[in-house]
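Student: Could we go through the empty spaces and the contacts in this model, and ask each time what justifies the word that is used?

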Amino acid sequence: MKSKKRIVIANWKMEVTTILDAQLIVRSTEGLIERIGDVEVIVCPSFVHIVPVMNASNGTIKIGAQNSSEMPRGAYTGESSPVALADAGISHVILGHSEVRAKGETDELVNAKIRALLRMGLTPIVCIGEKDRSTSAYEEDLKEQATKVFKSFSLDELARMIIAYEPIWAIGAHAKRECEPSECRDAIEIITKTITTMHSRDASMFLTYVYGGSVHPENTQLYLDVPGISGVLVGHASIDFKKFVEIIKITSQEVR
Ligand code: PGA
């Protein structure tokens, strides 16, 4: 049911500002990972770089987007249609990232966006994560997000998504501290339990999780060792292609 492959996702955010740099990062990365077949690598550039990056890629890397609309088409200035993304050859879309939610995106909207993507046969990478870990309130935060974001999806639909556990406090080059593997394990157990309760059936075999938040070559293995984690979502370290390739190699089962 779940993808057996390991997964590495790059979220470039708005860090790459020229087409040349975007193409260079993808070409350089592909040049170094040619023989790694057991890892699915998905790079998510900003919208304007999607097509140039596809043109530069030899197809080893899949290209994703960082957001999409819940509507298929229409008068929605500044939005990107999942229909247009599918037409452009996109395979995956990051949804519900905390940096998008910070501008007002709600759990309900993330839910609608997931539905629109599934309709197009695209894979949503759904971000879930608590704002704060210093009190026990994080459990409620995670439960509430999971309940609303995954509302009314069947287990088969859930099996077509990737869930990115991204504790908001651990995101970014200036995060206060890194997430402990035990905290990651605990969070994905809470999310899995919440979904299991919604379906009155063990959901674990249907769910694919990646960890995101200050992932770099030195801590990648720690997160991969967390039971239930299939890969990593990498932000700032993915812009440095040498670090990114290192993370891909660590994730590759061939070298483990
Ligand atoms: P980071 O970002 O690796 O820079 O912490 C991860 C993310 O926000 O997706």
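Student: What makes the largest pocket a pocket, and what is its volume?

Tutor: The largest pocket has a volume of about 360 Å³. On a 1 Å grid over the protein atoms alone, a pocket is an open set of points with protein on both sides within 12 Å along at least five of seven lines, whereas a cavity is a set where a 1.4 Å probe fits but cannot get out; lining residues have an atom within 4 Å of a point. Grid points are joined across faces, edges and corners, and the volume is the space filled by probe spheres set on them. Before going on, note that this is a predicted model, in which local features need pLDDT of at least 70 and side-chain atom pairs pLDDT 80 or more, while totals for chains, interfaces and linings use all residues. Residues are numbered from 1 along each chain as its sequence is written, and side-chain values use heavy atoms, without hydrogens and water.

Student: Which residues line the largest pocket?

Tutor: Its lining includes Asn11, Lys13, Phe47, His97, Glu99 and Lys103, and by class the lining divides into 4 nonpolar, 5 polar and 3 charged residues. Here Ala, Val, Leu, Ile, Met, Phe, Trp, Tyr, Cys and Pro count as nonpolar, Asp, Glu, Lys and Arg as charged, and the others, Gly among them, as polar.

Student: How do you know what takes up the largest cavity?

Tutor: The largest cavity is the space taken by the ligand, and a molecule sits in a cavity if more than half of its atoms lie within 2 Å of its grid points. This cavity holds about 90 Å³ of space and is lined by 14 residues, with Lys13, Gly213, Ser214, Val234 and Gly235 nearest its centre.

Student: What makes the approach of His97 to the ligand a polar contact?

Tutor: A polar contact is a pair of N or O atoms within 3.5 Å (within protein, one must be able to donate a hydrogen and the other to accept it, and residues adjacent in sequence count only if both atoms are side-chain atoms). An N or O atom in the side chain of His97 is 2.7 Å from an oxygen atom of the ligand, so the pair meets the cut-off. A polar side-chain atom of Glu166 lies 2.8 Å from a ligand oxygen, and for Gly235 a backbone N or O atom lies 2.8 Å from a ligand oxygen. The protein covers 99% of the 280 Å² of accessible area that the ligand has on its own, by the Shrake-Rupley method with a 1.4 Å probe.
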